[in-house]
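Open the model in your viewer and keep the sequence panel visible. The tour goes from one selection to the next and says what is there.

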Amino acid sequence: MKTILIAGGNSGIGLQAARDLLADGHQLILLGRDPRKGEAALASLGTATDRASFLAADLSTHGGVRDAAQRVLDQHDRIDALVHTTGVFTSQESRTTDGLHPFFAVNYLSRYHLTQLLLPVLRQAGRPVVVMMTAAVPPTDDADFARFPEFAPFDFGRDRKPIQLANHHYAAHLARAEPGLATAVVNAGAAKTDILRIAPWYMRAGAKILGPVLFDSVETSAHNVVEATRRNDWLTPLYWGKPGRFEQHTPITLDTTTTQQLMDTSHTLTGA
Ligand SMILES: NC(=O)c1ccc[n+]([C@@H]2O[C@H](COP(=O)([O-])OP(=O)(O)OC[C@H]3O[C@@H](n4cnc5c(N)ncnc54)[C@H](OP(=O)(O)O)[C@@H]3O)[C@@H](O)[C@H]2O)c1
């Protein structure tokens, strides 16, 4: 039985991954911001809830991440897998109390920060796994990181790619820095979840019309995360770009100088 922490596990693709991994007999910690959604998520898991707990935390701030990590460290000696399906979808300019854009803080930096703080318990696992979910962003060296980490003023069209690609750089860094730890980035595809709740109205309207035709099922979007978490036979670091197709993957090989610069900045921002 593995102990698996799913950040974003109270909703959407993370909750579906939780359902599938619980069915395999694993022990789950679901982390999310909204306690009511957390309770509803646990209730939806039915009789398996004796192996699942909910941890309410706001990962958009450094303090929120530190508090969440401390609570995990207080209760667990070993974490076998850490799955990051937290995410916000916003194209508006706004800032967290740390002065960062929420899309950057949640969709990248919280993954770096929480993982770094949980390395002591991840190292206790036989083959620890860290999986990060993004949109469809193949691991290439063509992104412009000149605006990293401020991204001010936020420009969704321009900033989306380097923010998501920072996950791939972190996966590459971790695989080098932590021998034995397996890292992956998984494309969510397009699934009908809560992710567009603060998106502009026209995007929500478009998703409503096109969704039934174009969207993946939540089960398909969760499939590669679930397989990467339950299986031990894949090489690291990997990117899964096709939802539902675990056999199709791409090795993450990126410019090491860029990776180091991004990791140095992430370390300076978080202290972790
Ligand atoms: N669905 C898609 O089509 C799609 C497309 C591209 C990428 N993705 C990515 O796939 C991942 C899963 O998203 P989803 O579609 O399953 O959407 P979702 O249902 O909205 O799930 C997002 C999760 O992130 C959590 N979260 C957001 N802000 C947080 C914060 N500040 N602190 C802690 N937790 C926070 C949410 O918790 P609360 O609900 O409690 O706030 C929720 O559990 C995300 O990384 C998303 O960016 C999804």
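Begin with the ligand. This is a predicted model, and in it 28 residues surround the ligand. Select S11, G12, D34, G87 and T193, which are the closest of them.

Next, colour the shell around the ligand by residue class. The shell has 12 polar, 11 nonpolar and five charged residues.

Which helix gives the most to this shell? Select α1, residues 12–23. α1 gives the most, with three residues. Then add α4, residues 102–122, to the selection. Both α1 and α4 supply at least two residues of the shell around the ligand.

Keep α4 on screen and add helix α3, residues 62–75. The axes of α3 and α4 come within 10 Å and cross at roughly 25°. Angles under 35 degrees count as roughly parallel, so α3 is roughly parallel to α4. The crossing in which α3 passes α4 is right-handed.

To see where the two helices meet, show side chains on each. On α3, pick H62, V65, R66, A68, A69, V72 and L73, which make the contact from that helix. On α4, the contact is made by S110, H113, L114, L117, L118 and V121. Colour this selection by class as well: the contact of α3 with α4 has nine nonpolar residues, three polar and one charged.

Now leave the helices for the loops. Go to the loop between β5 (129–134) and α5 (156–177), where P149 has its place. Show the backbone from F148 to P149: the peptide bond there is cis, with omega near 5°.

Stay in the loop between β5 and α5 and select F151, which lies there too. F151 is not a glycine, yet it has a positive phi of about 45°. Is F151 buried, exposed or partly exposed? A residue is buried if 20 or more other C-beta atoms lie within 10 Å of its own, and exposed if 12 or fewer do. F151 has 19 C-beta neighbours inside 10 Å, so it counts as partly exposed.

For the last stop, move to the loop between α7 (218–230) and β7 (238–240) and select P237, which lies in that loop. Add T236 and look at the bond between the two residues. What kind of peptide bond joins T236 and P237? The bond is cis, with omega about 0°.

Methods: Residues are numbered from 1 along each chain as its sequence is written. This is a predicted model: local features need pLDDT of at least 70, side-chain atom pairs count only at pLDDT 80 or more; totals for chains, interfaces and linings use all residues. A residue is near a molecule or strand if its C-beta atom, placed from the backbone, lies within 6 Å of it. Helices (H or I, at least four residues) and strands (E, at least two) are DSSP runs, numbered from the N terminus. Ala, Val, Leu, Ile, Met, Phe, Trp, Tyr, Cys and Pro count as nonpolar, Asp, Glu, Lys and Arg as charged, and the others, Gly among them, as polar. Axes are lines fitted to C-alpha atoms, for helices over the stretch in contact, and angles run from 0 to 180 degrees between N-to-C directions. Angles under 35 degrees count as roughly parallel, over 145 as roughly antiparallel, 65 to 115 as roughly perpendicular and the rest as oblique. A crossing is left-handed if the near helix is turned anticlockwise from the far one by less than a right angle, and right-handed if clockwise. Two residues are in contact if their C-beta atoms, placed from the backbone, lie within 7 Å.
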